Amino acid sequence: MTQLLAVACLSLAAKMEETDVPLSMDLQVGEAKYVFEAKTIQRMELLVLSTLRWKMQAVTPFSYIDFFLHKFSDGNSPTKLSVSRSAELISSTVKDTDFLAFRPSVIAAAIALLVLRETQMVDVEKKLSCCTHVMKDDVLGCHEVLQNKVLIRKQSIEDVSSSVSSVPQSPLGVLDVACLSYKSDDASLQTSPACKKRKVSR
């Protein structure tokens, strides 16, 4: 039953997204335990569709982002940079439980504002007062959460880059660090084989 459900869901997804839908046999590849007929898969598809009440389109912030970027840019078409940055931020919110409290439209509006503020001066209050499609307080709350997340992410990237820059980048520098960090239990200092090789190669 689980395998049949998986094949039916894959078939439905293909019918929603693809212009050329693969044959039912093409969806059953690999080490499948069972091979189902097209009629059996179709019956399961109908069961899935009736359970979902035929609501097949998942509503995500992606559904609204173009609208809000356009709306908050005073009717101007969004740039490719703002669209790609928005997509990056939306993808980062998917696994973050802090955003479960917000509707997809609210997340999209907050991300649009944040993206536009990164490249230009934007009066958030003014933009939201012109937009009656979402609750102002919800967008402001989501916007604040987003700002904090972006700030934390920037700080962690800066910390990583600063720690990486302190490590020698060249192979010779790596050998120097290896030689300096070499410790011996003996009272007399000994050099590591790496140091000897390096001295000889000079």
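Helices, numbered from the N terminus, are DSSP runs of at least four residues. With that in hand, open the model, which is a predicted one.

**The whole chain**

Show the chain as a cartoon. Its secondary structure comes to nine helices and zero strands. Of its 202 residues, 28% count as buried. The accessible surface is about 14700 Å², and carbon and sulfur atoms account for 58% of that. Among contacts between residues at least 6 apart in sequence, 65% join residues at least 24 apart.

**Stop 1: the loop after H1**

Select leucine 23, in the loop between helix H1 (2–17) and helix H2 (38–51). Is leucine 23 buried or exposed? Leucine 23 counts as exposed because its relative accessibility is 60%, and the cut-off for exposed is over 50%. Now add Met25 and Val35 to the selection: together with Leu23 they make a nonpolar surface patch of about 330 Å².

**Stop 2: helix H2**

Move on to H2, which has 14 residues. From first C-alpha to last, H2 reaches 20 Å, close to the 20 Å expected at 1.5 Å a residue. Colour Ile41, Met44, Glu45, Val48 and Leu49, the buried residues of H2. They lie on the same side of H2, because they cover an arc of only 140° around the axis. An α-helix has 3.6 residues a turn, so residues three or four places apart point the same way. What covers the buried residues of H2 includes H1. Turn the view to the other side of H2, where Lys39 and Arg43 are exposed. Just past this helix, select arginine 53, which follows H2 and has a positive phi, near 55°.

**Stop 3: serine 86 in H4**

Go to helix H4 (residues 80–93) and select serine 86. Serine 86 counts as buried, because its relative accessibility is 0%. Which residues touch serine 86, leaving aside its neighbours within four places in sequence? Show the side chains of Ile65, Leu69, Ile111 and Val115, which are in contact with serine 86.

**Stop 4: a network of salt bridges**

Stay in H4 and select arginine 85 and glutamate 88. They form a salt bridge, with the closest N and O atoms 3.0 Å apart. The two are three residues apart in helix H4, so about one helical turn separates them. Arginine 85 is buried, with a relative accessible area of 17%, while glutamate 88 counts as partly exposed at 49%.

Next add glutamate 118, whose side chain meets that of arginine 85 in a salt bridge (3.0 Å, N to O). This pair links distant parts of the chain, with arginine 85 in helix H4 and glutamate 118 in helix H5 (residues 104–119), 33 residues apart. Glutamate 118 is partly exposed, at 37% relative accessible area. Arg85, Glu88 and Glu118 are thus linked in a network of salt bridges. A search of the whole structure finds five salt bridges.

**Stop 5: lysine 149 and aspartate 96**

Another salt bridge joins the side chains of lysine 149 and aspartate 96 (3.2 Å, N to O). Lysine 149 is in helix H7 (residues 136–165) and aspartate 96 in the loop between H4 and H5, so the pair ties together parts 53 residues apart in sequence. Aspartate 96 counts as buried at 16% relative accessibility, whereas lysine 149 is partly exposed at 23%.

**Stop 6: lysine 127**

Finish in helix H6 (residues 124–129) with lysine 127. Lysine 127 is buried, with a relative accessible area of 17%. Leaving aside neighbours within four places in sequence, its contacts are Phe72, Asp74, Leu113 and Val122. Where the viewer allows a distance label, draw one between the C-alpha atoms of lysine 127 and serine 73: they are separated by 9.1 Å, though 54 residues apart along the chain.

Methods:
Residues are numbered from 1 along each chain as its sequence is written. This is a predicted model: local features need pLDDT of at least 70, side-chain atom pairs count only at pLDDT 80 or more; totals for chains, interfaces and linings use all residues. Side-chain values use heavy atoms; hydrogens and water are left out. Buried means under 20% relative accessible area, exposed over 50%, partly exposed in between (1.4 Å probe, protein chains only). Contact means heavy atoms within 4.5 Å. Patches are made of residues with over 30% relative accessible area and no salt bridge: like charges are joined within 9 Å, nonpolar side chains (Val, Leu, Ile, Met, Phe, Trp, Tyr) within 5 Å. Accessible areas come from the Shrake-Rupley method with a 1.4 Å probe; for residues, only the protein chains shown count as cover. A salt bridge is a side-chain nitrogen of Lys or Arg within 4 Å of a carboxyl oxygen of Asp or Glu. The expected span of a helix is 1.5 Å times one less than its number of residues. The arc is that of the directions from the helix axis to the C-beta atoms.
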